[in-house]
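Let's take a walk through this one together, going from whole chains down to single helix pairs. Have the viewer open so you can follow along.

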Amino acid sequence: MMGLPPYASPLERLWRLTLILLCAMVLLFLITPIIAIMPLSFNVEPYFTYPMPGLSLRWYEDFFTDARWLDALKSSFFIALCATALSMVFGTLAALGLSRANFPQRALVMAFLISPMIVPVVITAVGMYFFFANLGLNNTYFGIILAHTALATPFVVITVTATLIGFDQSLIRAGASLGASPLTVFHKVTFPLILPGMISGALFAFITSFDEVVVVLFIASPDQRTLPRQMFSGIREQLSPTIAAAATMLVITAALMLVTVELLRRRSERLRGTSS
Amino acid sequence: MSVTTSPLLQGSLKARLRRAERVQRLRAIGLVAPLFIFILITFVVPIIILMTRSVDNPEVAENLPLTMAALSDWDATTLPDEAVFAALVEDLKTAQASRNTGLVGKRLNYEISGARSKLLQAGRAAEKMTAGPYKEQFLELDDLWGKVETWQVIQRAGEKITSFYLLKSLDLQRGVDGAIVQVSPDQRLFVDVFIRTLGISTMVTVATLLLGFPLAYILATLPVRHSNLLMIFVLLPFWTSLLVRTTAWVVVLQTEGPINDLLLWTGLTDERLQLIFSRFGTIVAMTHIQLPFTLLPIYSVMKTISPNYVRAARSLGSGPFHAFWTIYFPQTMPGIAAGCLLTFILCLGYYITPALVGGPTDQMISYFVALYTNRELNWGQASALGGILLLATLVLYAVYNRLVGIDKMKLG
């Protein structure tokens with residue numbers, strides 16, 4: 001069970017055991033803070049400390065009755081859905097183009113398209129703040145959606161390109177030689193094969209926009225307050241367990257997304273026969 | 001159909017093939033073009049604007065045009081003559097009317113502290129001035145106007161393009177004779193911040209490697225059933241909102257928080273430690289957030305390393321640790337390079353986590369970019385700091401591309 005060869009010496013076994021213990025601690029380090037915040041959202045008292053005197057759902061009630069939290073949730077969903085849709089269109093098209101054989105300067109173009117993911121987000125945010133001020137796009141939903149699309153599309157490009165790496169281009173030619181139009185080929189051959197990558201990309205894009213706070217801090221007014229923005233000011237001003245309630249729901253959403261992406265990845269590997 | 005083809009037909013076939021390939025290539029470019037143009041407009045243009053802001057210097061040149069013209073043949077060593085003061089009065093009258101005196105004052109204030117209020121005072125006085133000699137009236141107003149240095153600053157600040165903000169970002173300035181010198185020690189700030197940013201990024205990168213490498217190794221060598229399950233522990237934080245993770249650390253590290261409870265309970269400390277708003281807290285929280293970024297590339301490289309190499313080494317008589325160190329470890333280097341480089345690059349730009357978990361002396365360069373944009377409204381300084389940060393990031397990004405290749409980047 002420890003993954004050791006049968007000829008391992010006792011010292012080696014001991015070392016392996018130590019290593020596994022060490023790794024268990026690292027895993028605890030990764031997961032504990034996220035778990036630790038969840039029970040606090042059920043605290044009957046407005047404190048962020050253990051032990052809790054009693055349990056209640058009042059902070060969830062607070063979340064779902066407070067207009068500020070609800071508006072923030074709605075704004076976040078609206079922005080994230082629009083940004084996801086836009087980045088799906090741009091990202092999938094680009095990934096299809098990039099994976100064609102002998103695309104000129106592929107590595108360079110790819111590096112350029114991915115750069116919004118790498119450039120520190122404060123720089124992007126300040127630049128957009130200056131630029132959007134000229135266009136009157138600051139304090140508008142449209143401006144935030146454009147900004148989030150730029151930040152989210154790299155994730156779609158990466159995930160869809162990854163699905164296309166093992167993609168057999170002769171399938172397209174086979175389809176064409178059998179008389180299908182390029183659109184039919186895309187619909188019947190390419191699309192089903194890259195769908196898992198597209199869905200993963202969409203989830204990544206959605207979560208990128210849904211989590212984004214720095215750009216929103218710069219280019220949005222309180223009218224476009226998003227959920228992360230609301231949490232950010234909450235942490236700065238007064239730490240209320242409503243934040244813990246919001247955080248708990250976000251962790252559960254993240255878990256659901258993670259499971260979806262994992263299942264899709266396995267399905268894609270099975271389809272392409274690269275499962276290890 | 002005959003097997004032998006005439007040269008003519010062959011030529012046309014080649015041409016047709018070439019044409020077909022060209023069409024293919026154009027189609028591929030056409031597919032990428034929308035995103036390319038979109039990124040160019042919504043991402044690259046803003047960054048170019050930011051870069052130009054770091055050298056842009058319009059305040060004085062636009063609002064004191066007559067003064068600047070009058071100063072153009074000034075010798076820069078003695079006090080300017082009456083003509084310059086007369087021009088300044090004219091300029092200030094215009095500036096007062098358009099309410100731009102404050103703007104000029106703010107710009108001069110970056111180089112001479114207190115200049116803003118004195119300029120506003122001068123603006124109000126200039127409105128009332130009707131006849132010369134203006135020089136005497138100004139000298140009476142404040143000794144600021146009697147210093148050669150003031151006029152040197154005005155002359156330099158009147159240039160449309162300036163290196164002032166970029167130099168200031170490195171704690172440098174133009175001296176009296178125009179040479180580049182360090183600013184006075186009490187004004188030095190940004191070099192420290194850059195060093196701090198590099199220091200925190202290095203520490204976080206090392207911490208993620210030390211924690212991530214053994215974990216990646218165990219995950220890669222365990223049977224798939226176990227490792228898939230354990231992988232969830234790594235991926236769940238990866239998918240969880242950055243703000244949620246930061247909030248979690250704020251809660252865990254606070255003075256009344258669980259870690260302090262635990263430390264008191266075990267008797268390791270007698271009093272509650274200041275964990276939040278400290279360097280320690282910042283590094284712990286950042287390590288937590290970056291760990292998956294370092295671990296995943298190492299893990300995926302380790303997955304491809306065949307166990308046969310180590311087995312061969314062992315069968316040839318090598319000890320377990322020696323075999324690991326000389327055979328296995330070198331093969332993981334591409335993963336280590338990819339993971340560490342990515343983490344380091346991303347760390348350089350951290351803003352939210354240090355802002356919420358760190359204290360005043362733990363803020364990184366992004367914080368100052370935001371501060372100078374939102375609070376100080378000194379956009380030149382914000383842009384210059386951002387420009388230097390951007391340059392550092394892009395250089396490392398180029399290295400990353402060279403070593404790893406951006407298309408090898410994996411998510412989850």
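How far apart do the C-alpha centres of domain 2 of chain B and domain 3 of chain B lie? The separation is 51 Å. Bear in mind as you look that this is a predicted model. The domain assignment cuts chain B into domain 1 (1-45), domain 2 (59-160) and domain 3 (190-408).

Stay with chain B for its overall dimensions. Its C-alpha trace spans about 100 × 95 × 40 Å along the principal axes. For a compact globule of 412 residues you'd expect a radius of gyration near 22 Å, whereas chain B comes out at 31 Å. Its secondary structure consists of 19 helices and two strands.

Now do the same for chain A. Here you'll find 11 helices and zero strands, so to speak a plain α-α-α-α-α-α-α-α-α-α-α run from the N terminus on. The C-alpha atoms of chain A fill a box of roughly 70 × 70 × 30 Å, again along the principal axes. Its radius of gyration is 23 Å, while a compact globule of 276 residues would have one near 19 Å.

With both chains in view, turn to where they meet. On the chain B side, 77 residues are in contact with 76 residues of chain A. Helix α1 (residues 7-53) of chain B supplies the largest share of that side, 19 residues. Sort the chain B side by residue class and you get 54 nonpolar, 17 polar and six charged.

Time to zoom in on helix packing. Two packed helices are described by the angle between their axes and the distance between the axes. One pair reaches across the two chains: helix α5 (residues 121-135) of chain A and helix α19 (residues 379-403) of chain B, whose axes are 10 Å apart at an angle of about 140°. Why call α5(A) oblique to α19(B)? Because roughly antiparallel is kept for angles over 145 degrees, the angle of this pair makes it oblique. The crossing of α5(A) and α19(B) is left-handed. On the chain A side the contact uses A:Val122, A:Ile123 and A:Val126, and these meet B:Ala382, B:Gly386, B:Leu389 and B:Leu390 of α19(B). By class, that's six nonpolar, one polar and no charged.

Next, a pair inside chain A. Helix α3 (residues 67-98) and helix α6 (residues 141-165) of chain A have axes 6 Å apart, with a packing angle of about 40°. That angle makes α3(A) oblique to α6(A). As for handedness, α3(A) passes α6(A) in a right-handed crossing. The contact of α3(A) with α6(A) draws on 17 nonpolar and eight polar residues, with no charged ones.

Finally, go back to chain B for helix α14 (residues 279-304) and helix α16 (residues 320-348). Their axes come within 7 Å and cross at roughly 155°, and α14(B) and α16(B) are therefore roughly antiparallel to each other. The crossing of α14(B) and α16(B) is right-handed. If you'd like to pick out the contact by hand, the residues of α14(B) include B:Met286, B:Phe293, B:Pro297 and B:Val301, and those of α16(B) include B:Pro334, B:Gly335, B:Gly339 and B:Leu346. Taken by class, the contact of α14(B) with α16(B) has 14 nonpolar, seven polar and no charged residues.

Definitions and conventions. Residues are numbered from 1 along each chain as its sequence is written. Chains are lettered from A and ligands numbered from 1 in the order in which they are written. This is a predicted model: local features need pLDDT of at least 70, side-chain atom pairs count only at pLDDT 80 or more; totals for chains, interfaces and linings use all residues. Two residues are in contact if their C-beta atoms, placed from the backbone, lie within 7 Å. Helices (H or I, at least four residues) and strands (E, at least two) are DSSP runs, numbered from the N terminus. Ala, Val, Leu, Ile, Met, Phe, Trp, Tyr, Cys and Pro count as nonpolar, Asp, Glu, Lys and Arg as charged, and the others, Gly among them, as polar. Domain bounds come from an automatic or database domain assignment. Axes are lines fitted to C-alpha atoms, for helices over the stretch in contact, and angles run from 0 to 180 degrees between N-to-C directions. Angles under 35 degrees count as roughly parallel, over 145 as roughly antiparallel, 65 to 115 as roughly perpendicular and the rest as oblique. A crossing is left-handed if the near helix is turned anticlockwise from the far one by less than a right angle, and right-handed if clockwise. The radius of gyration is taken over C-alpha atoms; the globule rule is 2.2 Å times the number of residues to the power 0.38.
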